[in-house]
Amino acid sequence: MKPSSEHDAAVYTTRIAALHGLLRAAGAGGAILAPTDQMRYLSGWSEHGHERLIALFVPASGEPTFLVPKMNAPQALTNPAGIQDVRGWEDETGWAGLATEVIAGWASSETILVDDEMQAGHLLQLQEALPAVRWRSVGPSLAVLRERKSHGELDLMRRSAEITDEVYSATIKELEPGLSENEVQHIISLEYRVRDTLPSFSLVCFGPNTALPHHSSGDRRLADGDVVILDIGCHWHGYASDITRTVAFRRADPNAAEVYRVVHRAHTAVMEFAKPGVTCESVDASARSVIESAGYGENFVHRTGHGIGLSTHEPPYIVKGNPQKLEEGMCFSDEPGIYLPGRFGVRIENIVTVTGSGVASLNAAPPTELEVVG
Ligand code: ZN
Ligand code: ZN
């Protein structure tokens, strides 16, 4: 599949222009992005972050500047946004002087917004070099831009979701008694590789381990009657996917089948309730009320979902206390779960996108009953 218009310079020019407007509205002189999905969203380029500063300086008006270690300058110059002002700094002189110089060229620098994921050490150096500046998070401004996906972004999200659905279906067919959680993780990696990508993460839980929402896969071996949870995702041309399926291996515990029905009802309640204009907290409540009225309220120990795009977890968060309203083009996970410590857990997760009148799933529908596999 063609990487699509997401790689055209015009896409980034529009995003940077939109950020200019938000910076001025926030009364900020500019923003400094670390090598994160924020940098990737604005420039199409990023690198693995480390102790050497890599940053994108975006003034409230005018051209952005990359500040990178001199040895990274050739890579930074390949940025799909076509940003030409790439300044390389050298180990023996450091970057603080150059950063001060870039910011001195801005119309104002009373307030500067910074990437939430910038290394604390880098922000501390900036604060030391520019003690009069008020530093604020750029997160809320960029969330306004990133939350609503364009058609081009949605195409990539759909393909990412489709690949993950395929990997799930292929993996479930390969389950055999005695396989360890780690071995199933390996199978998942191979299934992603043959589809030209890699897992961004994969959680494999067998038996009582399914009762831990963030269990780290280990050497537990699959046995008949185990509840199995697979929670997997990848990135496709930068865009994330994330699904969870719960199945029973060879025979289903009737209690697990019953809990599965409750979770499925909660998952479906979100699909039926969510639409433009409803708040994130009310979407969370739509799932939670189903689980609470079935008597499992205390066993639903996490939020109902998270936004997803370039990052696997990003705003909007579908959580109690978030009054933000859904808007067309937003994408989020619908992932209620019930966890019975020492016994088993059930979670069902699909990614949905907000349409003009409701939500549509990017993933295949989950089975309505606890599926028995193997
Ligand atoms: Zn997940
Ligand atoms: Zn998720």
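The legends below describe close-up views of a predicted model of a protein with two zinc ions. Local features are reported at pLDDT of at least 70 and side-chain atom pairs at pLDDT 80 or more, whereas totals for chains, interfaces and linings use all residues. Residues are numbered from 1 along each chain as its sequence is written, chains are lettered from A and ligands numbered from 1 in the order in which they are written, and side-chain values use heavy atoms, with hydrogens and water left out.

**View 1. The overall fold of the protein.** The protein has 10 helices and 18 strands, both taken as DSSP runs numbered from the N terminus (helices H or I, at least four residues; strands E, at least two). The radius of gyration, taken over C-alpha atoms, is 23 Å, close to the 21 Å of the globule rule for 374 residues, so the protein is as compact as a globular protein of that length; the rule itself is 2.2 Å times the number of residues to the power 0.38. Along its principal axes the C-alpha trace spans about 70 × 40 × 40 Å. Buried residues, those under 20% relative accessible area (exposed means over 50%, partly exposed in between; 1.4 Å probe, protein chains only), make up 54% of the 374 residues.

**View 2. The site of the zinc ion (ligand 1).** The protein donors, meaning N, O and S atoms within 2.8 Å of the metal (3.2 Å for Na, K and Ca), with water not among the atoms, so that sites may look incomplete, are Asp-231 (OD), Asp-231 (OD), Asp-242 (OD) and Glu-349 (OE), lying 2.0 to 2.7 Å from the ion. The angles among the four donor atoms run from 52 to 145°, and the site is irregular, a label for anything that is neither tetrahedral (four donors, all angles between 85 and 135 degrees) nor square planar or octahedral (four or six donors respectively, opposite donors over 155 degrees apart and all others between 65 and 115). Asp-231 lies in strand β8 (residues 227–236) and Asp-242 in the loop between β9 (239–240) and β10 (243–249), so the pair ties together parts that are 11 residues apart in sequence. Both Asp-231 and Asp-242 are buried.

**View 3. The site of the zinc ion (ligand 2).** Here the protein donors are Asp-242 (OD), His-306 (NE2), Glu-335 (OE) and Glu-349 (OE), at 2.0 to 2.3 Å from the ion. This site is also irregular, with angles of 81 to 164° among its four donor atoms. Asp-242 bridges this ion and the zinc ion (ligand 1), the two lying 3.1 Å apart. His-306 lies in strand β11 (residues 305–307) and Glu-335 in the loop between β13 (331–334) and β14 (337–340), so this pair ties together parts that are 29 residues apart in sequence; both residues are buried.

**View 4. The surroundings of Thr-210.** Thr-210, in the loop between β7 (199–206) and β8, is buried, with a relative accessible area of 1%. Its side chain reaches the backbone nitrogen of Gly-345 at 2.8 Å. Leaving aside residues up to four places away in sequence, Thr-210 touches residues including Val-228, Tyr-339 and Phe-344, where contact means heavy atoms within 4.5 Å.

**View 5. Backbone geometry at Pro-316 and Asp-196.** The peptide bond from Pro-315 to Pro-316 is cis, with omega near 5°, and Pro-316 lies in strand β12 (residues 314–318). Asp-196, a residue other than glycine, has a positive phi near 65° and counts as exposed at 65% relative accessibility.

Methods. A polar contact is a pair of N or O atoms within 3.5 Å; within protein, one must be able to donate a hydrogen and the other to accept it, and residues adjacent in sequence count only if both atoms are side-chain atoms.
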